[in-house]
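Q: I'm new to this structure. Could you take me through the annotated binding site, and show me how that part fits into the whole?

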Amino acid sequence: MNHPNLPKKRFVILISGRGSNMRAIVEKNRDNQQVEIAAVISHTPDSQGLQWAKEQGIETEEVLHKHYANREAFEQELIQVIDRYQPDYIVLAGFMRILTAGFVTHYASRVINIHPSLLPSFIGLHTHQQALDMGVKVHGCTIHVVTPELDHGPIIAQAVVPVCDDDTADTLASRVLKMEHTLYPNVVKGLAEGRIVIKDDKVQNPQGLLWFQEN
């Protein structure tokens with residue numbers, strides 16, 4: 001549903017590779033007049049996702065982390081590029097770089113990320129294998145506000161999938177990714193339409209968390 005009286009929200013999306021979550025966000029919000037994808041930025045050269053975004057007519061940028069002496073220098077350039085687009089939110093969609101406290105503070109309450117587990121469980125990498133090793137019965141993904149502590153920001157939304165007896169890390173990852181492609185576009189839509197509000201790193205979502213459970 002569009003809300004013509006609301007100001008349009010601008011989103012800058014950061015990716016690393018194929019950008020499948022970025023694609024889902026763009027495709028599922030094409031007709032939403034409150035959502036403007038201002039730019040897609042990659043820190044890796046010639047990423048598939050960046051090429052796809054160009055084909056959609058979206059502004060794209062490469063800020064290649066390997067060109068900078070350290071993380072802080074890379075982030076200073078990244079901030080300058082992002083700020084040119086004056087985004088309301090920065091969306092991390094498979095962005096495989098750990099951000100410093102300085103970057104996060106610069107965009108306080110405006111950076112969101114998707115993590116392939118039901119936080120606070122299984123932070124870091126190899127989350128699907130972690131879930132299998134622990135023998136959990138459900139797994140999923142979490143969209144959260146980015147704070148200086150890795151994978152610990154306030155939760156915006158989660159999606160759940162069952163863990164099957166014959167699951168491998170790859171099969172479980174595939175089902176979780178399918179849910180990511182539903183959840184992330186809906187969170188972007190909720191932020192743009194004012195149904196989800198982030199203030200002082202606290203999430204206001206009167207309709208509750210967005211749960212999408214596989215049948």
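**A close look at the binding site**

A: Let's start with the whole. The protein has six helices and nine strands, and what you're looking at is a predicted model. Its C-alpha trace spans about 50 × 45 × 35 Å along the principal axes. For 215 residues, a compact globule would have a radius of gyration near 17 Å, and the protein agrees with that because its own value is 17 Å. Of those 215 residues, 48% are buried. If you take the contacts with a separation of 6 or more, 65% of them join residues 24 or more positions apart. As for the outside, the protein exposes about 10700 Å², and carbon and sulfur atoms supply 50% of that.

Now for what the record says. In an unreviewed entry, UniProt lists residues 9–188 as "domain: Formyl transferase N-terminal". That span is 36% helix and 24% strand, and its end C-alpha atoms lie 9 Å apart.

On to the part you asked about. Under "binding site", UniProt's unreviewed entry lists Arg71, Met96, Arg97, Ile98, Leu99 and Asn113. From this set, Met96, Arg97, Ile98, Leu99 and Asn113 belong to the lining of the largest pocket.

Two of these residues are worth a visit, beginning with Arg97. You'll find Arg97 in the loop between strand 4 (89–92) and helix 4 (101–106). Is Arg97 buried or exposed? Neither, quite: its relative accessible area is 22%, so Arg97 counts as partly exposed, given that buried means under 20% and exposed means over 50%. Setting aside residues up to four places away in sequence, Arg97 touches His43, His65, Arg71 and Phe74. One of those partners, Arg71, is itself on the UniProt binding-site list.

Next comes Leu99, which also sits in the loop between strand 4 and helix 4. Leu99 has a relative accessibility of 12%, so Leu99 counts as buried. Which residues does Leu99 contact, leaving aside its neighbours within four places in sequence? They are Glu75, Leu92 and Val104. Two of these tie back to the elements on either side of the loop: Leu92 falls in strand 4 (89–92), and Val104 falls in helix 4 (101–106).

So, to put the picture together: Arg97 and Leu99 both help line the largest pocket, with Arg97 partly exposed and Leu99 buried.

Methods: Residues numbered from 1 in each chain as written. Predicted model: local features only at pLDDT ≥ 70, side-chain atom pairs only at ≥ 80, totals over all residues. Heavy atoms only, no water. UniProt positions renumbered as here; feature names shortened; annotations may be inferred. 1 Å grid on protein atoms, 1.4 Å probe; cavity = no way out; pocket = protein on both sides within 12 Å on 5 of 7 lines; lining within 4 Å. Helix = DSSP H or I, 4+ residues; strand = E, 2+ residues; numbered from the N terminus. Buried < 20%, exposed > 50% of the residue type's maximum accessible area, 1.4 Å probe, protein only. Contact = heavy atoms within 4.5 Å. Rg over C-alpha atoms; globule rule 2.2 N^0.38 Å. Areas by Shrake-Rupley, 256 points an atom, 1.4 Å probe, with all protein chains shown as cover.
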